[in-house]
Amino acid sequence: MIGWPRTNGPARKALGMILATATILLFLMNLRRAGERAGRAAERLDAREKNDAIHRQMLNAAARRPHDRNALAERLRDGRF
């Protein structure tokens, strides 16, 4: 075995614990990054939903607007504006 030094029982156990700890730490760091990405995606989705709602309101308002000056004057006279 050229690559790995030969280790006795306690050293092998310590190496195993170090590797297990490193694996757990890397897993937790990756889990944290995934959570941050999910949070940013949720924020983008909320922002998009708000923008879509505002855009829908503007389109609805534009659909209900008077078509010309006479229609506007008629609406104002009727008190429907």
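Modeller: Let's fix one term before we start. Buried means under 20% relative accessible area, exposed means over 50%, and partly exposed lies in between (1.4 Å probe, protein chains only). The model is predicted, with pLDDT of at least 70 needed for local features and 80 or more for side-chain atom pairs, while totals for chains, interfaces and linings use all residues. Residues are numbered from 1 along each chain as its sequence is written, and side-chain values use heavy atoms, without hydrogens and water.

Colleague: Why is R77 called exposed?

Modeller: R77 has a relative accessible area of 62%. The cut-off for exposed is over 50%, so R77 qualifies.

Colleague: What makes E74 and R77 a salt bridge?

Modeller: Their side chains meet at 3.1 Å, N to O. A salt bridge needs a side-chain nitrogen of Lys or Arg within 4 Å of a carboxyl oxygen of Asp or Glu, so this pair passes. E74 and R77 sit three residues apart in helix α2 (residues 69-78), about one helical turn.

Colleague: And E74: what is the exposure class of this residue?

Modeller: Partly exposed, at 39% relative accessibility.

Colleague: How many salt bridges are there in the whole structure?

Modeller: The search finds two. E36 forms one with R32, with the closest N and O atoms 3.4 Å apart. Both residues lie in helix α1 (residues 9-63), four residues apart, which means a separation of about one helical turn. R32 is exposed at 60%, whereas E36, at 36%, is partly exposed.

Colleague: How do you know how many helices and strands the chain has?

Modeller: They are DSSP runs, numbered from the N terminus: H or I of at least four residues for helices, E of at least two for strands. The chain has two helices and zero strands.

Colleague: How do you know whether the chain is a compact globule or not?

Modeller: Take the radius of gyration over C-alpha atoms; the globule rule is 2.2 Å times the number of residues to the power 0.38. For 81 residues, a compact globule would be near 12 Å, but the chain has 33 Å. The C-alpha atoms fill a box of roughly 100 × 25 × 10 Å along the principal axes.

Colleague: What share of the residues counts as buried?

Modeller: Of the 81 residues, 2%.

Colleague: Why is E43 called exposed?

Modeller: E43 has a relative accessible area of 57%. That is over 50%, so the term fits. E43 belongs to helix α1.
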